[in-house]
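Please work through the exercises below with the sequence and the model open beside you. Each one sets a task and then solves it step by step.

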Amino acid sequence: MDYDQNLYLTFLEKMYLIRRFEQKVYEFAERGLVFGSTHLEVGEEATAVGTLLNIKRSDYMIATHRGHGQELLKGTDVNAMMAEMIGKATGICGGRVGSMHVTDASVNNLGAQGIIGASFPISVGVGLALNLLGQKDKILISFFGDGATNQGNFYESLNMADIWKVPVFFVCVNNLYGMGTAYCSTCNIEIYKKATFFNIKSDYCDGNDVAAVYNKSKEIIDYVRTKRLPALLELKTYRTIGHSAFDKHPYRTKEEIEDWKKKDPIKRTEDILLKNGTPKEKIDKLKKRIDTTVDDAAAFAAQSPYPVYDDSLEQ
Ligand SMILES: Cc1ncc(C[n+]2csc(CCOP(=O)(O)OP(=O)(O)O)c2C)c(N)n1
Ligand SMILES: [Mg+2]
């Protein structure tokens, strides 16, 4: 792909939005304002951005428990997302689901599953429904983690996906760990190869290289959309923070974390922009604009009321 400054600026804008959003969620969590657990994706932003910039609003999505970036990129309003994080009535789900189960029918986000692996049979079901309803222009993008691929229903679902020829783009965000367990200590097979058992098209790329993710996704999405067949993409990445907001991640070495910080997808994108002549002031201005958007969203969320008990019976 030829270098395109505007595209790289979009990569930066979207990844930086996710980073700043998550930093704000972390602040809220530290203040005890996030009910339940929250899983942040600091370091993994290129996976949501590179894939979802190729997805249409009319396509469907199933996110993960680490899905704030996926949900924002699918099109959910930043203010409504932030308010949901702290359980406010103005949240996208009225404050009922919080951080882990964001669903937004207006942008065809079918929701995140807190039960690891539950998304696989649901994804195949959505793909089957698209086929039965003759919705030939739409596909499903279904995100999951590396840990989930050791579950039995992953294999059962890939088999059914192949048999039923469902238009599902399976995206594995392989951040090398499932909670404190390293993937390499649980399975010797690379994840993208697992789909090849079922003759499903599959590939992998550097999940911290947003342009690589974008290009690979574009090609695979085109395949799923036109051939009406499943495909899988494995994105190798890393969360540079704990599994959930208060995990101090003692199971990883400082060196490993520092090594991955050097591959930070936002810094890499900024470096490419600067190297290709984008003035630093332009980048600073873009980041300032996002800072304001996120600060405004946090203020909106903080000032919003909590839902009253009776509201929970509506809809
Ligand atoms: C069926 C099930 N078992 C265990 C858990 C607890 N749990 C929550 S997140 C997680 C790790 C999942 O790892 P992975 O799929 O790699 O996603 P990541 O958290 O790394 O994004 C586990 C075991 C769960 N939610 N559901
Ligand atoms: Mg993982």
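**Exercise 1.** Determine whether the crossing of α1 and α10 is left-handed or right-handed, and describe how the two helices pack.

Solution. Step one is the handedness: the crossing of α1 and α10 is left-handed, a term used when the near helix is turned anticlockwise from the far one by less than a right angle, with right-handed kept for clockwise. Step two is the geometry: the axes of α1 (residues 5–30) and α10 (residues 265–275) come within 10 Å and cross at roughly 150 degrees. That makes α1 roughly antiparallel to α10, given that angles under 35 degrees count as roughly parallel, over 145 as roughly antiparallel, 65 to 115 as roughly perpendicular and the rest as oblique. Here axes are lines fitted to C-alpha atoms, for helices over the stretch in contact, and angles run from 0 to 180 degrees between N-to-C directions, while helices (H or I, at least four residues) and strands (E, at least two) are DSSP runs numbered from the N terminus. Step three is the contact, in which Tyr8, Leu9, Phe11, Leu12, Met15, Tyr16 and Arg19 of α1 meet Pro265, Ile266, Thr269, Glu270, Ile272 and Leu273 of α10; two residues are in contact if their C-beta atoms, placed from the backbone, lie within 7 Å. The residues of this contact divide into 10 nonpolar, 1 polar and 2 charged, where Ala, Val, Leu, Ile, Met, Phe, Trp, Tyr, Cys and Pro count as nonpolar, Asp, Glu, Lys and Arg as charged, and the others, Gly among them, as polar.

A note on conventions: this is a predicted model, in which local features need pLDDT of at least 70 and side-chain atom pairs count only at pLDDT 80 or more, whereas totals for chains, interfaces and linings use all residues. Residues are numbered from 1 along each chain as its sequence is written, and chains are lettered from A and ligands numbered from 1 in the order in which they are written.

**Exercise 2.** Work out how α1 and α2 are oriented to each other, and whether the residues of α2 are buried or exposed.

Solution. Begin with the angle: α1 and α2 pack at about 135 degrees with their axes 9 Å apart, and they are therefore oblique to each other. The crossing of α1 and α2 is right-handed. Next, look at the residues that meet, which are Phe11, Lys14, Met15, Ile18 and Arg19 in α1 and Glu45, Ala46, Ala48 and Val49 in α2; they divide into 6 nonpolar, no polar and 3 charged. Finally, 8 of the 8 residues of α2 (residues 45–52) are buried, so this helix is largely enclosed by the rest of the structure. A residue is buried if 20 or more other C-beta atoms lie within 10 Å of its own, exposed if 12 or fewer, and partly exposed in between, with C-beta atoms placed from the backbone.

**Exercise 3.** Describe the surroundings of valine 25.

Solution. First, place valine 25 in helix α1. Second, count its neighbours: valine 25 is buried, with 25 other C-beta atoms within 10 Å. Third, leaving out residues up to four places away in sequence, valine 25 touches Val34, Thr38, Leu40, His68, Met85 and Ser99. Last, the C-alpha atoms of valine 25 and alanine 298 are separated by 8.7 Å, although these residues are 273 apart along the chain.

**Exercise 4.** Find at what angle the axes of α5 and α6 cross, and which residues make the contact.

Solution. The axes of α5 (residues 119–132) and α6 (residues 152–164) come within 8 Å and cross at roughly 10 degrees, and that makes α5 roughly parallel to α6. The contact is made by Phe120, Pro121, Ser123, Val124, Gly127 and Leu128 of α5 together with Asn153, Phe154, Ser157, Met160, Ala161 and Trp164 of α6. These residues divide into 8 nonpolar, 4 polar and no charged.

**Exercise 5.** State where lysine 165 and methionine 179 lie, and what is notable about the phi of each.

Solution. Start from the general rule that most residues other than glycine have a negative phi. Lysine 165, in the loop between α6 and β4 (168–174), has a positive phi near 50 degrees. Methionine 179, in the loop between β5 (177–178) and β6 (181–182), has a positive phi of about 50 degrees although it is not a glycine.
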